[in-house]
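Got your viewer open and a selection box ready? Here is a walk through the model, one stop at a time.

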Amino acid sequence: MLGAASSGQHMLLVAATGSGKTLAGFLPTIVDLIENPAEGLHTLYISPLKALAVDVQRNLLAPIEEMGLDIRVETRTGDTPSDRKARQRVRPPQILLTTPESLSLLLSYPDSALLFESLKTVVVDEIHAFAREKRGDLLALSLSRLLALAPSHRRVGLSATVADPDAYRSWLAPDADMDLVRLVIGDPGAEPDLSILIPENRIPWAGHSGYHAVRDVMKLIEQHRTTLIFCNTRGLAELTFQKLWSVNDQSLPIGIHHGSLAVEARRRIEGAMAAGKIRALVATASLDLGIDWGDIDLVIQMGAPKGSSRLLQRIGRANHRLDEPSKGLIVPGNRFEYLEARAALDAIDDGELDPDSFRPGTLDVLAQHVMAMACAGPFDERELLAEVRSAAPYAALRDETFGEILSFDATGGYALKAYDRFRRIVEETPGRWRLAKPAVAQQHRMNAGVIVEQPLMDVRFKGGRRLGTIEEGFASVLAPGDRFFFAGLSLEVERIKDTDIIVQASKKSARIVTYGGQRMSMSTHLANRVRAMLADRNDWHRFPDDVREWLEVQSERSILPEPHQLLVETFPHEGRHYMVAYSFEGWNAHQSLGMLLTKRMENAGLKPLGFVANDYGLACYGLEPVTDPQSLFSPDILEREFVEWVERSFLLKNAFREVAVIGGLVERQHPGKRKTGRQVSFSTDLIYDVLRKYEPDHLLLRAAWDDARTRLTEVGRLVRLVDRAAATMVHVEVDRITPMAVPLMVIIGREAAPEGTADEALLVEAEALAEEAMRVD
């Protein structure tokens, strides 16, 4: 890294978690500042997480102080006090640690050229975590502006192991010229020590919280110095914390960490963890990346891993030494999750990582960036277009599309141009644009960002102390006297006032807070491995006895599909008729297909009652038997019904709400007040209806369609599923429920239950269903 820096090259360092990537990224900066001391901003470090920026500051300051160096290191994130932000623009530190959103805001000030003129290096940490998302689009556009302000600075990308380093080199490079970025590959270090935790050699039929193993997990916590326990959702993290606390007989210090907790709570737990005062920490993706606590000697993944790269990243949080293996355990919640966990471990053994798929930059993010540039000062549209095209996600941006972006920022679009509030920029001379009025800049900065969470409400004690936020949708069903678990506490609602939920601590049992948002689906290559496992009996000797017996009875009572086949089973059960498809294409694709299939069943007179889905399959049920599933899965379902359904469903409205907020059409914040989620939804729904009627080709409607198709419904996997159904469907009619159907059947009637809370009841019901399914008479 030092050698590449001395020759002025851009660099991408790909190395295992815990191998010292971050210090390697900073070392050339420290050397340069020792040899050439200077004031002004020298290095900008960009992190996907606020917590990571704070953690890096802590780990970077120690060696700088020990060497007695006069180098100032500061953070600038959404949590930084406003007075420090103002001072940083006047007298910046030599090293500034920030996030993509905060960098975009910095670039929106007229004095940004002065702030960045001395910039020598930009370090983008954990580049794999966000390069392919909207935050990556925003950062790529900000990097293109930095290149214009400080043309000679170097870009340095730091990444955990990725499947396609060249794709990230292209993303990082000016003008997407990957040859400008030198690739540095780190020593892989010791192989991780990974295993699956199976209490008493038994795995439940249903559930996904890992609740059945909670006592075994507690024993492991007692046996290790520090254990980090990852959960895939915030609700599951809260549930796991409560379950662990209930069996914490030694009263060991255990903490919880997720993105909805107040910053003070997160900092307090991060500090305690760094100081070695915590024996276990239950966390979500909020700690997936880069947090360097060397004393962690065990990482546990509760529930399915969903991808080999994600699992490797999480396990790498343990034992930050290259010569010692990271120790990790997976706790599968049910039998399908066991197969997924085994597939993930096999993939890691074979060096197979989750594939990296990049897509063109989104238009709502570009509209926001153009506004940021206008806030910094008047701009020439040709110059700005050239600058934007130097960012890899926008390299192929067409002139006409950029013209639409300018028109949208100037008027809101054809259907909205009569409304003055949508006039944000004006063309002062041909091709030269400026803000319509100075107040627009303040509004932009208050509302900028690309993370559009569900509408939130603050959780506070009546003394004023803030615990964090919960989503308005969950809060709307709460009333005084109700209790919910949050921040590791049982809280009783005293009253709800505006956007505050006033609570008091309780010792009584409570419900788990649930959150909306997209669920993580099992990655495609893990799905392929699971299919291969099912078909290969030679592989089954590795499985626990109950999993092996489950598959053997399935093959006797029905079939186990070949990897290329789609198995569809139909059977009666308790007065209803069921159709179960085992496609392994992920929850999101199955949700979409379930809605389309039930619509078709209705049109065919099959009287559907509903459907349920998980990552592994889909079960539709109704009052009439399905005798010809092939016709329900015919490929034209994606041509007619899919488009019609997306347009009518909440999916497109939800997607539009997000792009409208990111694109600046709808503002969440105003000086001194914040719009409630209902107000934002009301505003976006009104505009959505107007545009659908009068300007159906509006820029943001197209952006919403792109989002709805690719992100919310995983349309690529949906297409593969339907194609496979057309070519390789195997329909098996059986007289009763089959073993593989049990994990899906047990969800019916409980799909709306808060995550994990129904696990005990699920297990009881699953055993009854399993007894019927496993009979071979």
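Start by selecting glutamate 74: with a relative accessibility of 13%, below the 20% limit, this residue counts as buried. Keep in mind throughout that you are looking at a predicted model. Glutamate 74 sits in strand β3, residues 73-76. Show side chains and look for arginine 87: its side chain makes a polar contact with the side chain of glutamate 74, at 3.0 Å. Now widen the selection. Leaving out residues up to four places away in sequence, glutamate 74 touches Gln57, Arg84, Arg87, Gln88, Pro93, Ile95, Leu96 and Leu97.

**Into the nonpolar core**

Next, pick Leu44, Phe116, Phe633 and Phe656. These have the most contacts inside the largest nonpolar core, which has 111 residues. Colour α14 as well, since you'll want it again later: this helix gives the most to that core, with 10 residues. Apart from this core lies another one, of 65 residues, including Met273, Ile315, Val580 and Leu769. As background, nonpolar side chains tend to be buried together in soluble globular proteins.

Zoom in on phenylalanine 116. Which residues is phenylalanine 116 in contact with, leaving aside neighbours within four places in sequence? You should find Leu41, Leu44, Leu103, Leu106, Leu107, Leu146, Leu149 and Ala150.

**A helix under cover**

Select residues 165-172, which make up helix α8. Why is α8 largely enclosed by the rest of the structure? Because 6 of its 8 residues are buried. Those buried residues are Pro165, Ala167, Tyr168, Arg169, Trp171 and Leu172. To see what covers them, switch on β1 (10-14), β5 (121-124), α7 (134-149), β6 (154-159) and β7 (181-185), which are among the covering elements.

Then follow the chain out of α8 into the loop that leads to β7, and stop at alanine 176. Check the backbone here: phi is positive, about 55 degrees, although alanine 176 is not a glycine. Its relative accessible area is 28%, so alanine 176 is partly exposed.

There's another stop of this kind at alanine 487, in the loop between β19 (483-486) and β20 (489-497). Phi of alanine 487 is near 55 degrees, again a positive value in a residue other than glycine. With a relative accessible area of 23%, alanine 487 is partly exposed.

**The second largest pocket**

Turn on a surface and centre on Arg421, Arg424, Val440, Gln443 and Glu667. Of the 21 residues lining the second largest pocket, these lie nearest its centre. The volume of this pocket is about 360 Å³. Colour the lining by residue class and you get 8 nonpolar, 7 polar and 6 charged residues.

Which helices each supply at least two residues of the lining? Highlight α14 (363-376), α17 (439-447) and α24 (650-662). Of the contributors, α17 gives the most to the lining of the second largest pocket, with 6 residues.

**Along α24**

While α24 is highlighted, pick out valine 659, which lies in this helix. Is valine 659 buried or exposed? Valine 659 counts as buried, because its relative accessibility is 0%. Expand the selection around valine 659: not counting residues up to four places away in sequence, this residue touches Lys134, Asp364, Leu700, Ala703, Ala704 and Asp707. Then draw a C-alpha to C-alpha distance from valine 659 to leucine 701: the two are 42 residues apart along the chain and separated by 8.5 Å.

**Two last picks**

Select glutamate 35, found in helix α2 (residues 21-35). At 59% relative accessibility, glutamate 35 counts as exposed. Draw another line, C-alpha to C-alpha, from glutamate 35 to isoleucine 221: these residues are 186 apart in sequence and 47 Å apart in space.

Finish at arginine 775, in the segment after α29 (759-773). Arginine 775 counts as partly exposed, because its relative accessibility is 38%. Not counting residues up to four places away in sequence, arginine 775 touches Arg557 and Arg736. For a parting distance, connect arginine 775 to alanine 415: they are 360 residues apart in sequence, and their C-alpha atoms are 64 Å apart in space.

How values were computed:
Residues numbered from 1 in each chain as written. Predicted model: local features only at pLDDT ≥ 70, side-chain atom pairs only at ≥ 80, totals over all residues. Heavy atoms only, no water. Helix = DSSP H or I, 4+ residues; strand = E, 2+ residues; numbered from the N terminus. Buried < 20%, exposed > 50% of the residue type's maximum accessible area, 1.4 Å probe, protein only. Polar contact = N/O pair within 3.5 Å; in protein donor to acceptor, adjacent residues only side chain to side chain. Contact = heavy atoms within 4.5 Å. 1 Å grid on protein atoms, 1.4 Å probe; cavity = no way out; pocket = protein on both sides within 12 Å on 5 of 7 lines; lining within 4 Å. Points joined across faces, edges and corners; volume = space filled by probe spheres on them. Nonpolar A, V, L, I, M, F, W, Y, C, P; charged D, E, K, R; others polar. Core = buried A, V, L, I, M, F, W, Y, C linked by side-chain atoms within 4.5 Å.
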